[in-house]
Every structure is written in C-alpha cells, then in structure tokens.
Amino acid sequence: MKKFISILLAVMLVASLAVTASAYSVWPDGMTSDDGIAAYEADTGETVATHCYYFQMPTGKNGPLATKDVTYVETDEETGESRDVLVCKAGEHAPTWLNEYNNYGVAGVYWWGGPATPEGWAGYQGLVADAEHYIYYTNVPAATVVFIWNNGVDGGMDKTQEIYYKAQQTSDIACEYPDPGEYDSIPDGADSFDGMIFIINPDEVSVNPLSLKQTCGGTWYFYYGDGCYGSYAKDKGDDTCLNPDHYDAGGKHVGWQDGDEPTEAPTKAPTEAPTEAPTEPPVTVLRGDYDEDDEITIMDATRAQRIIAELDERPDEAFLVAVDADGDGILTIMDATRVQNVVAELMNMDGIPANK
C-alpha cells in the first residue's frame with residue numbers, strides 16, 4: 001500500500017505540471033543528473049543516494065517488434081469526422097526518436113518528487129553507455145519513484161510547427177522497486193531497479209488524440225551490458241539475452257555471448273539480421289583527436305561539432321573513421337558527446353562509465 005500511495009502522489013503531481021519551456025530544447029550546457037545532484041548536495045549539505053538506470057532509445061530499427069497494428073483515432077476539427085491513424089505496423093519497430101532537433105542522438109531524463117528535480121523541460125542530459133545500440137544511462141536519486149526518458153526536444157505548444165511532432169517521451173516510469181509478479185519481464189522481482197534497463201514496447205506507443213503528443217510505454221529488464229538484457233539477474237543462473245537485435249536470421253546470438261558458444265535465441269527470433277558494426281581501420285591517429293594535437297581535450301569535441309555543423313572544412317573520410325570516438329564509423333553528435341564525457345572522466349573512449 002505504501003508503494004501504491006507514493007506512486008499515486010507522484011503521478012498526481014506530474015499531472016499538475018505545465019510545459020513552459022521554449023521550443024528548441026537541446027541542452028546548451030550539457031548538464032547531467034550528476035551535475036544537478038552535486039549542486040543540490042552542495043546547496044543543502046545532504047548526501048543523495050542514487051540508482052543508475054539504463055534506457056534504449058528507439059531508432060526505428062532497434063528493439064522489440066510490434067505484435068499488432070498500433071493506431072489512434074483522429075477527429076477532423078472542421079467536419080467532426082474520425083479516422084484511424086497508423087502509428088506502427090505489426091512487425092515493425094517503435095517509431096524513431098532521432099531527428100534534427102536532437103542532433104540525431106540526445107536523450108534526456110526528468111523526474112519529480114525527489115531531490116534535485118530538474119528545472120524545466122527536458123531535464124538532465126543522459127550519458128551514452130553504448131552508442132552502437134543507442135543505450136543511455138543516468139543516475140537518479142533513489143528516493144524518486146517516477147521519472148521519464150525523453151529525446152531532449154521541447155516541441156512547444158504550437159501544432160503548426162514541425163518541431164511540435166518531434167518531441168518524444170516515455171510514459172511515467174515507476175522506479176521504486178519491482179515486486180515479484182508485478183512485471184512479466186522480471187518475474188522474480190528485485191530490491192530496486194538499480195542497474196536495470198527500460199525498453200520501449202511498440203505495442204504500448206500511444207498518441208493523445210487531442211494534443212497529438214506521442215508517449216511510449218515499455219518495461220524493465222536486468223541489464224547485462226553490451227546491449228544485452230534479460231529477465232533474471234546473472235546470479236540467478238539464467239542470463240539469456242532477450243534483445244532481438246542480437247540474433248541473426250538463423251537465431252544465433254551475435255551480440256554479447258557467455259562462453260564460447262552462442263546463446264540460444266529467445267522464443268521470438270527477429271526477422272532481420274542485426275547491422276554489423278563497421279570494421280575499424282588501423283588507427284594511425286589518436287581516437288577522438290579531432291584537432292590532431294595528440295591530446296583528448298574539450299577542443300576535440302568542439303572541432304567535431306564544427307565539422308558536423310559545416311563550420312569547419314570536412315576532413316577526408318579515412319581520417320574521420322580513424323578518430324571516430326564512439327566507434328560507429330560515422331561522425332555524429334554522439335562522437336562529440338563521447339569526447340566530452342571522456343574529458344569529464346565520466347567514461348572511457350569505449351563508453352564504459354567510470355563508476356562501473
């Protein structure tokens with residue numbers, strides 16, 4: 001009962017909040033939850049216990065497949081006629097959260113009812129845990145019972161603007177602790193969601209017929225690293241990966257593997273083979289060294305951003321592949337973010353968090 005009441009109060013609180021931020025909403029200062037919590041501790045003298053939560057951002061090409069057509073009812077304001085609008089077809093992935101307004105790869109986290117609540121939309125910037133799988137992580141106060149992930153885009157309130165439809169977020173995510181039987185994905189429950197990952201279920205994508213805002217439901221899994229997740233903690237002896245992107249067309253697990261032989265595929269094998277990671281060329285320059293000074297500094301992140309924005313001349317592709325910070329073979333804002341995180345000593349160049 002205590003758990004139910006705490007979640008209910010949090011949901012009532014968020015229902016009273018209004019989005020007031022202006023339209024173009026990727027963070028100018030890159031403030032993370034660690035920054036916000038540190039500032040809160042400095043201001044209050046309190047020590048804030050935190051939990052680490054992971055999230056896989058939908059790209060339109062990753063995650064589970066819809067088992068049914070997902071639609072919503074749209075009503076014409078002039079004629080009053082209604083029609084079904086398709087959001088996601090059966091057999092497709094959840095719609096992508098990537099767009100030009102979030103530099104094709106920025107995640108945000110927002111919570112309420114706990115210490116260091118973010119100021120304004122879209123909250124704090126998530127940190128990259130696995131660029132290849134678009135997996136982010138963030139540290140949230142353990143006292144928080146509800147939070148959301150979003151794509152860092154504030155669509156504003158004007159439906160005539162393109163950006164209005166580019167804002168994406170999850171539905172409210174309960175994060176107090178999972179009781180046994182509460183989640184089909186975590187049948188045994190756990191003491192907390194610390195270290196777990198939230199995965200979008202395309203069957204639970206919905207569009208509000210009045211606001212036309214899209215929200216995405218999903219569920220929690222134990223996170224094993226390398227994009228793998230499953231229903232049981234590793235110490236329970238069953239760490240079968242349930243990430244469908246990690247299986248080839250023949251049902252072999254080609255992502256993270258336990259031992260020499262591939263793990264058996266889950267009940268529902270994917271219909272598409274996962275995209276293979278690009279082969280890294282021999283590195284002749286320092287990885288992440290975009291300004292070619294043989295050091296990794298914030299200037300490398302700045303140079304990467306200027307190249308992406310076409311403010312600096314674009315080097316040849318061989319150089320860009322060689323210095324590719326996140327290892328995906330192309331230059332994106334994710335590379336600049338990776339360098340920033342490395343300089344801040346939040347992770348290494350392979351994307352492994354410093355505290356892991």
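In these legends, two residues are in contact when heavy atoms of theirs lie within 4.5 Å. The model is predicted, so local features need pLDDT of at least 70 and side-chain atom pairs count only at pLDDT 80 or more, whereas totals for chains, interfaces and linings use all residues. Residues are numbered from 1 along each chain as its sequence is written, and side-chain values use heavy atoms, with hydrogens and water left out.

**View 1. The whole protein chain, with 5 helices and 13 strands.** Helices (H or I, at least four residues) and strands (E, at least two) are DSSP runs numbered from the N terminus. Of the 356 residues in the chain, 46% are buried, a word that stands for under 20% relative accessible area, while exposed stands for over 50% and partly exposed for what lies in between (1.4 Å probe, protein chains only). When contacts between residues at least 6 apart in sequence are considered, 63% of them join residues at least 24 apart. The accessible surface amounts to about 18,000 Å², and carbon and sulfur atoms account for 51% of that area, as computed by the Shrake-Rupley method with a 1.4 Å probe.

**View 2. Strand S4 and its two partners, S5 and S8.** Strand S4 covers residues 108-112, and it is largely enclosed by the rest of the structure because 5 of its 5 residues are buried. Gly108, Tyr110 and Trp112 point one way from S4, while Val109 and Trp111 point the other way, and all of these residues are buried. Two strands count as paired if DSSP finds at least two bridges between them; S4 and S5 run antiparallel and are joined by 2 bridges, whereas the antiparallel pairing of S4 with strand S8 (residues 146-150) extends over 5 bridges. Val109 can be followed to either partner, since it stands opposite Tyr124 in S5 and has Trp149 as its bridge partner in S8.

**View 3. The hairpin formed by strands S6 and S7.** Strand S6 (residues 127-130) pairs with strand S7 (residues 135-141) in the antiparallel sense over 3 bridges, and 4 residues lie between the two strands. Across the pair, Leu127 stands opposite Tyr137 in S7. In the loop between S6 and S7 sits Tyr134, a residue other than glycine whose phi is nevertheless positive, near 55 degrees. Tyr134 is also buried, with a relative accessible area of 19%.

**View 4. Helix H5 and the structural elements around it.** Helix H5 (residues 333-343) is mostly covered, as 9 of its 11 residues are buried, among them Ile333, Met334, Val339 and Val342. These buried residues also include Asp335 and Arg338. The buried part of H5 packs against strand S5 (124-125), S6, S7 and helix H3 (298-308). Just after H5, the chain reaches Glu345, which takes a positive phi of about 60 degrees.

**View 5. Gly351 and Pro353, in the segment after H5.** Gly351 is buried, with a relative accessible area of 1%, and, leaving aside neighbours within four places in sequence, it is in contact with Val128, Ala129 and Arg338. Although Gly351 and Leu127 are 224 residues apart along the chain, their C-alpha atoms are separated by 9.2 Å. Pro353 is likewise buried, with a relative accessible area of 9%, and it touches Tyr137, Leu346 and Met347 when residues up to four places away in sequence are not counted. The C-alpha atoms of Pro353 and Leu127 are separated by 8.8 Å, across 226 residues of chain.

**View 6. The second largest cavity, with a volume of about 60 Å³.** A search of the whole structure finds 2 cavities of 30 Å³ or more, a cavity being a set of points on a 1 Å grid over the protein atoms alone where a 1.4 Å probe fits but cannot get out, with lining residues having an atom within 4 Å of a point. Grid points are joined across faces, edges and corners, and the volume is the space filled by probe spheres set on the points. The lining of the second largest cavity includes Gln56, Met57, Pro58, Asn62 and Ala94, and strand S11 (residues 196-207) gives the most to this lining, with 3 residues. The lining divides into 7 nonpolar, 3 polar and no charged residues, where Ala, Val, Leu, Ile, Met, Phe, Trp, Tyr, Cys and Pro count as nonpolar, Asp, Glu, Lys and Arg as charged, and the others, Gly among them, as polar.

**View 7. Glu292, in the loop between strand S13 (228-230) and H3.** Glu292 has a positive phi of about 60 degrees although it is not a glycine. This residue is exposed, with a relative accessible area of 52%.

Note on methods: On a 1 Å grid over the protein atoms alone, a cavity is a set of points where a 1.4 Å probe fits but cannot get out, and a pocket is an open set with protein on both sides within 12 Å along at least five of seven lines; lining residues have an atom within 4 Å of a point.
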